[in-house]
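Biologist: Could you take me through this one and defend the labels as we go?

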Amino acid sequence: MKAYWQVSFWLFIFLASQSIYCNADTSILTAQFTSEKIVIDGDAEHVWGKASFQPIAKLMSIVTTNEANGTVQSLWDGALLYIFITVEDRDVSTDAKQIYNQDGISVFVDLYNDKFPKYEEDDVQIIVNAKGESRSNGTDAARFAGAAALPIVDSNGDQIGYTVEMAYQIGGRPMENGTEIGFEVGINNADSESKKVTNRIFWSSSENKGLDDNSYWGTIVLQGFDEQSLKALDLYSLKNNLKKAKEMPFGIWQSETEHKQAIQQGEKAIKSNDQKIIYSADTQLAEAINKLRRKGVYSDPYDLPKISHLPDPFTFRDGRRVESQQDWKERAEEIKSLAEYYEYGIMPDQPEKVSATLDGTTLNIEVVDQGKTVKFDARLFLPDSAHQNIGTQYPVIVSIDFSSGRADTVYTNAGYALLSFRYTSVASDNNEHTGPFYELYPYNITSGSDAGTLLAWAWGASRCVDALEYLSKQEEKVVSQLDLNKLVVTGFSRCGKASLLAGLFDDRFGVVSPGASGSGGAAVFRYASFGNKAHQKPPYGNEYDWGTSPGCEVLGDRIRHQGYNANTMLARFLNPGRMYKTNSYGYAERLPYDHHEIVAAIAPRAVLITTAVDDYANNAEGDAISYEGAKPIYEFLGVSHHLGLNIRTTGEAGPFGGGHWLSDQQKRNLIAFANSIFFQKPLSEKFQDECYTNPYLPTFDKYYGGIQEMMPWRIKVEN
């Protein structure tokens, strides 16, 4: 093959006559079937002459001039989708450090052509620079089968453009005429002086928003198969299922015989070169995987019934009703047990020994358990004498933080001691499962020791309290100033999720305040503010007085981005094949509880849910739904004032909340709420009104049929 393209008369004609030969609809590109071999090298084989092409000429940029344009073509062979892009550009630069700031192209694929403006598991972005170097992003990125590029030069040897050729595996979609695949391609036009992309030119829509919104993408339609030609072998789905099946841990399933047999059949089928045998083995393997059921004290998630509304916190698993406070204690323990088993992992028992030393503000903590010793540290900040709270000792806020280097004076000036520990000092924030927690309790799926990092971070908060209790018995002068009967636990974002768990599993925390904790924290899974395609049509996103939700974190996002936060059981509540497909307003229909019950299980201790009205990624609406779902339990126990909302409705730079951050006013609200619990100090009229008012209630009527449909069991309670 040639090392570069030299422009000739036919190429100029090819580029100049786009409007003559391209499809009329610029949002639909036809992919012509071919049985000829295609080599991904950037040089067009003659078969590309059979593929129709369309212009890439829709500018999306603040720059009004367009210095580049191109064409796109597509072929398919029964296993792969091929893309060929020709770019005219006289200023080609690949010198920038990041590939997204280099001249090249971005290809977006939505395999199932959902046109749903949420980054789902079948949405992929592939960036290829003008030298053929590439980067792919997305759960299905493994389908990317390679790319190459060649420069286009004129008769003087000067580069005036480049070509990009690439392939993408489309196994799993029907390999037949008429199959539609979501697709978009854009030219990333870089400036050689600034080393930045100054504009992007798209094929289908200049409103393209990338992976955030595939509703703007166009469509590739397969065509041209004559029902007789030989298709290329489609091995992708079988290979993918084999990889999945082999990586599954053995020894945890009720029966593994069929699973192992299906793996053997799949390995034989790959060597057969017979498409029917390959598809048959793939079907058998997929069915065997879906039939696997976990051993354990509770039913496998696949065997649980679907519950589209919020489950009833007043009903035990055996059908008994909560009739007394003692009943609720038992029911709360059952909810905790379910949450451990199905979502977070098992919280270890109290360790054998926790000791500590205090060096200035640094609290050095040592934990001994199961014959092992680990250490981590935290920071203890005390108010000065001028900021004494009610009483002679300081109540304590234990804060799970991203960084623990400085005191938060909002808390200390209010008379609260602050014990801050960096969450990653206890367990890594990645899939490695490392850190002191996992040194004591090694991660092992087979033995059932697969606790997620949220539980590990929550464990760290409890060990901080153990350390203070240890020092108090050593007559440590500083610690003697602390009131360890008045403890708050808090955190923000993923640390907020962990703070909710700390409060759930450790009843020494009298006030629990999860900040912007969202999915996996205070928010319910079953209702998502961005809606669900099963129930909504464009435009997507629930509308409020303050704006429209452009998206929110849901169960599938957690599994894809931060699956290590939870145990391995939680992923089984996603629907097999398509994790984002569900028939409810949200996700995890088979989960036997939801997070309103996590909040409720802390009662009668106090919970203040902190968020902001326009913290859309957090699913603030889900937080508010959880509040409504937990409220009947607090009312039943006679402590309705122990559950509150700390929703920021105004931002510093605008009329609404300002998104994903925690304001000083919200911290002051937490202090006021804690004072009302610990010292019976009345809340201000303003905060009392805000704390017990849910601004999302009208939304529930508009989108979900109201509280009665979302929580039908509340009718029995209220009657």
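What follows is a chat about cysteines, strands and helices.

Modeller: Ground rules up front: this is a predicted model, where local features need pLDDT of at least 70, side-chain atom pairs count only at pLDDT 80 or more, and totals for chains, interfaces and linings use all residues. Residues are numbered from 1 along each chain as its sequence is written, and side-chain values use heavy atoms, with hydrogens and water left out.

Biologist: Why is C495 not in a disulfide with C464?

Modeller: A disulfide here is a pair of cysteine sulfur atoms within 2.5 Å. C464 holds the closest cysteine sulfur to that of C495, but the gap is 12 Å, so that's too far for a bond. By the 2.5 Å rule the count is 0 disulfides.

Biologist: What makes C495 buried rather than exposed?

Modeller: Buried means under 20% relative accessible area, exposed over 50%, and partly exposed in between (1.4 Å probe, protein chains only). C495 has 0%, so buried is the word. C552 gets that label too, because its relative accessibility is 5%.

Biologist: How do you know that strand 10 and strand 11 pair?

Modeller: Strands (E, at least two residues) and helices (H or I, at least four) are DSSP runs, numbered from the N terminus. Two strands pair if DSSP finds at least two bridges between them. Strand 10 (residues 144-153) has 8 bridges to strand 11, in the antiparallel sense, so they qualify. V153 sits opposite Q159 in strand 11. The two strands form a hairpin with 5 residues between them, and G157 in the turn has a positive phi of about 85°.

Biologist: Which other strand is joined to strand 11, and by how many bridges?

Modeller: Strand 6 (residues 80-89), antiparallel, by 9 bridges. There, F84 stands opposite E165. Strand 11 (residues 159-169) is mostly covered, with 9 of its 11 residues buried.

Biologist: What makes the span of helix 3 close to the expected one?

Modeller: The expected span is 1.5 Å times one less than the number of residues. Helix 3 (residues 236-247) has 12 residues, and its first and last C-alpha are 17 Å apart, against 16 Å expected.

Biologist: What do the buried residues of helix 3 pack against?

Modeller: Strand 11, helix 4 (257-270) and helix 5 (275-291), with contact meaning heavy atoms within 4.5 Å. Those buried residues are Y236, L238, N241, L242 and A245.

Biologist: How do helix 3 and helix 5 cross?

Modeller: Their axes come within 9 Å and cross at roughly 30°. Axes are lines fitted to C-alpha atoms, for helices over the stretch in contact, with angles from 0 to 180 degrees between N-to-C directions.
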